[in-house]
Each structure stands twice: as structure tokens, then as C-alpha cells.
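Colleague: I have a model open and want to learn how to read its features. Could you take me through some of them?

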Amino acid sequence: MPSTLEDKLVIAISSRALFNLDDSHRVYQEEGLEAYSAYQVEREEQPLEPGEAFPLVHKLLRLNEQLGGDQQVEVVLLSRNSADTGLRVFNSIKHYDLAISRAAFCGGESPWRYINAFGCQLFLSSEAEDVRYALDCGVAAATLVSNKGGAGKAGEQLRFAFDGDAVIFSDEAEQVYKSEGLDAFTASEVAAAKRPLAGGPFKPFLAALHRLQQAFPATEAPIRTALVTARSAPAHERVIRTLRAWDIRIDESIFLGGLNKTDFLRAYQADVFFDDQQSHCESASPHIATGHVPHGVANPPT
């Protein structure tokens with residue numbers, strides 16, 4: 001029977017998100033592909049420094065140990081490197097003892113086309129174009145925009161924070177807000193309070209996290225989730241009823257009524273935060289690993 005990734009949580013990560021490739025990328029930009037290849041080959045035994053997503057990936061892979069050795073979480077490397085220049089990346093994976101064995105090295109082309117083939121539920125990259133393609137394929141995806149380095153949060157529990165509209169939920173309500181203003185948005189949400197919102201790009205990923213959480217008592221789960229939204233009462237009711245209709249547990253719901261999200265994300269001790277609004281991402285990124293979700297009315301096609 002061939003191996004399969006069905007029924008697993010599969011995360012795709014780019015090499016530049018997993019490791020700090022700033023120096024080699026600078027060589028590529030300033031001197032070209034041949035110089036970049038030589039730079040990587042000459043240093044292939046020199047481990048790369050952790051990148052922005054490294055702590056998140058480390059915690060994700062540790063979940064398999066907490067699940068009794070059952071390999072329920074798989075991380076796949078998707079890279080624009082060739083296999084030749086990618087050897088340094090795989091050597092670095094070995095150096096840090098990361099349980100990553102599957103990869104696609106695409107020789108300069110975008111790796112997004114392998115996302116569905118691997119069955120990925122989340123794609124993290126530093127390339128915004130690749131992220132948009134992944135979203136078009138129906139996969140939750142975000143561009144890592146943080147500048148806080150790869151230190152990560154202490155502790156074993158993995159804490160995800162999500163914006164609501166255009167991330168977990170569709171942008172149908174946000175479209176009303178953008179076109180007609182706050183009063184119209186509030187009136188529309190009150191009128192539709194008992195009608196569940198449609199799912200956004202991160203609904204399947206949130207559902208996959210929920211399935212993993214169910215293997216543990218609520219007080220002992222190694223994953224914790226939070227909704228951090230600019231909504232406030234009375235627009236909260238539709239959100240609560242939507243999650244109830246989906247039968248998806250979310251551990252914390254923070255309704256901010258337009259307050260800045262950053263202090264709340266720090267208080268929650270988020271490992272990663274996903275939002276569709278550039279301004280929210282820019283505010284959070286010096287403090288929290290932040291993924292911009294280029295989806296919905298706030299992110300028109302370029």
C-alpha cells in the first residue's frame with residue numbers, strides 16, 4: 001500500500017519562511033542566479049539560521065510526540081530552489097533535527113502547483129504571488145511579513161490567532177462595511193444574526209486544528225485558538241452562531257470594536273497571527289509572527 005497524507009494536518013512552507021535566507025537572496029538580487037548557486041553550494045555544510053516560521057514549524061512537529069508518536073502533522077517544504085542549491089536547506093533541516101522528509105524544489109518556478117497534490121491545508125511563504133495562487137487553489141495561505149526574527153514564544157502550547165472577516169469567514173460582511181460604512185455593517189449583521197456566514201479561506205484549516213484538539217481534554221490540548229476581531233456587540237452574535245453552526249471550537253474570542261489588536265495578541269501570547277488587513281499586520285509584525293492573507297475586498301487583485 002503506498003504512503004498517503006490523507007487524514008493528516010499538512011503544512012507547506014517555503015525555504016525562505018523556514019530559514020533566514022536574506023544573505024543568499026541578496027546575492028541573487030545583486031549578482032544573479034549563477035552567483036547565488038555558487039554561494040549556496042560553497043556553504044551547503046553551514047546551517048542556515050532559523051527563519052520567521054521556524055518556531056511555529058518546530059511546535060507543529062512536536063505535536064506528533066504529544067499525540068503518542070502518531071504522525072498526524074506533516075510539514076512539506078516547497079521551494080523555488082533547485083535540488084542542487086536546496087541541499088543546504090535539507091542539511092539545515094537535518095542539523096535542527098526537524099522531521100521534514102518531503103519537498104518540491106522547483107528550479108526557479110513557483111511551487112504553488114504542488115500544494116493540492118500534497119494535500120496541504122496551509123501554505124506559508126515570503127512570496128506574495130505564490131500565496132495568492134495558493135488561495136486561488138482553495139488552500140489557506142499567508143505571506144509572512146514579520147520582522148521580529150525567529151525567536152518564537154516559550155512553552156509547548158501552540159497558539160494560533162485569527163482575524164474573522166475574510167480569514168475564517170467570507171468577506172461578505174466586510175464588503176458592506178467598505179462600501180456603506182459602520183452603521184450599515186452593524187445593521188446588516190444584526191438583521192442576519194441567525195444566518196451563518198460563509199466560510200473564508202482559513203475555515204478548513206481551523207476545522208483541521210479542531211480535529212486535533214479533540215484528541216485532548218480542553219484544558220490539556222497542545223493547540224489553542226483565538227478569534228481576534230475588530231467586531232463588537234451587537235455584530236458579535238452572528239460570529240458566535242456561525243462557529244456553533246460549523247461545530248468548530250475556538251478557545252478565545254476577543255471582540256475589540258476597532259481597538260488596536262497588537263496588545264491583545266501579546267497578552268494572548270500568540271505564536272502566529274493571520275489577518276487580511278495590511279495595517280493590522282504592520283502593527284503586529286514587530287511583536288508576533290504575522291501572516292498577511294491577501295484575500296477579500298481589502299486586497300483587490302494587483
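Colleague: Take Arg238 and Glu189. Are both buried or exposed?

Modeller: First, a caution: this is a predicted model. The cut-off for buried is under 20% relative accessible area. Arg238 and Glu189 are both buried.

Colleague: How far apart are the closest N and O atoms of Arg238 and Glu189?

Modeller: A salt bridge needs a side-chain nitrogen of Lys or Arg within 4 Å of a carboxyl oxygen of Asp or Glu. Here the closest N and O atoms are 2.8 Å apart, and Arg238 forms a salt bridge with Glu189. Arg238 sits in helix α11 (residues 236-246) and Glu189 in helix α9, so the pair ties together parts that are 49 residues apart in sequence.

Colleague: Which residues do salt bridges that share partners join into one network?

Modeller: The network holds Asp165, Glu172, Glu189, Arg195, Arg231 and Arg238. Over the whole structure, the search finds 20 salt bridges.

Colleague: Now a pair within one helix. Where do Asp23 and Arg26 lie?

Modeller: Both are in helix α2 (residues 22-31). They are three residues apart, about one turn of the helix. Asp23 forms a salt bridge with Arg26, with 3.0 Å between the closest N and O atoms.

Colleague: How do Asp23 and Arg26 count by relative accessibility?

Modeller: Asp23 has 45% relative accessibility, so Asp23 counts as partly exposed. Arg26 is at 41% and therefore also counts as partly exposed.

Colleague: And which residue forms a salt bridge with Arg113?

Modeller: Glu109 does, and the closest N and O atoms are 3.3 Å apart. Arg113 is partly exposed at a relative accessible area of 38%. Glu109 counts as partly exposed at 46% relative accessibility.

Colleague: On to helix packing. What describes two packed helices?

Modeller: Two things: the angle between their axes and the distance between the axes. Take helix α8 (residues 172-180) and helix α9 (residues 182-191). They pack at an angle of about 150°, and their axes are 7 Å apart.

Colleague: Why are α8 and α9 roughly antiparallel to each other?

Modeller: Read the angle against the cut-off. Angles over 145 degrees count as roughly antiparallel. For α8 and α9 the angle is about 150°. The two helices are therefore roughly antiparallel. The crossing of α8 past α9 is right-handed.

Colleague: Which residues meet where α8 packs on α9?

Modeller: From α8, Ala173, Val176, Tyr177 and Glu180. From α9, Leu182, Ala184, Phe185, Ser188 and Glu189. By class, the contact has six nonpolar, one polar and two charged residues. Glu189 in this contact is also the salt-bridge partner of Arg238.

Colleague: Glu174 is in α8 too. Is Glu174 buried or exposed?

Modeller: Glu174 has a relative accessible area of 7%, so Glu174 is buried. Leave aside neighbours within four places in sequence, and Glu174 is in contact with Asp165, Ala166, Asp276, Gln277, Val297 and Ala298. The C-alpha atoms of Glu174 and Phe185 are separated by 7.6 Å, with the two residues 11 apart along the chain.

Colleague: Try a polar residue. Which helix holds Ser92, and what does Ser92 touch?

Modeller: Ser92 is in helix α5. The residue is buried, at a relative accessible area of 1%. Not counting residues up to four places away in sequence, Ser92 touches Phe19, Gln46, Pro47 and Leu48.

Colleague: Last topic, backbone geometry. What sign does phi have in most residues other than glycine?

Modeller: Negative, and most peptide bonds are trans. Now look for departures. Asp97 is not a glycine, yet has a positive phi of about 55°. Asp97 lies in the loop between α5 (87-95) and β3 (102-105). With 69% relative accessibility, Asp97 counts as exposed.

Colleague: What about phi at Asp247?

Modeller: Asp247 has a positive phi of about 60°, and is not a glycine either. The loop between α11 and β8 (252-255) holds Asp247. Asp247 is exposed, at a relative accessible area of 59%.

Colleague: Is the peptide bond from Ala233 to Pro234 cis or trans?

Modeller: That bond is cis, with omega near 5°. Pro234 is found in the loop between β7 (223-229) and α11. Helix α11 also holds Arg238, one of the residues in the salt-bridge network.

Notes: Residues numbered from 1 in each chain as written. Predicted model: local features only at pLDDT ≥ 70, side-chain atom pairs only at ≥ 80, totals over all residues. Heavy atoms only, no water. Axes fitted to C-alpha atoms, helices over the stretch in contact; angles between N-to-C directions. Helix = DSSP H or I, 4+ residues; strand = E, 2+ residues; numbered from the N terminus. Parallel < 35°, antiparallel > 145°, perpendicular 65-115°, else oblique. Left-handed = near helix turned anticlockwise from the far one by under 90°. Contact = heavy atoms within 4.5 Å. Nonpolar A, V, L, I, M, F, W, Y, C, P; charged D, E, K, R; others polar. Buried < 20%, exposed > 50% of the residue type's maximum accessible area, 1.4 Å probe, protein only.
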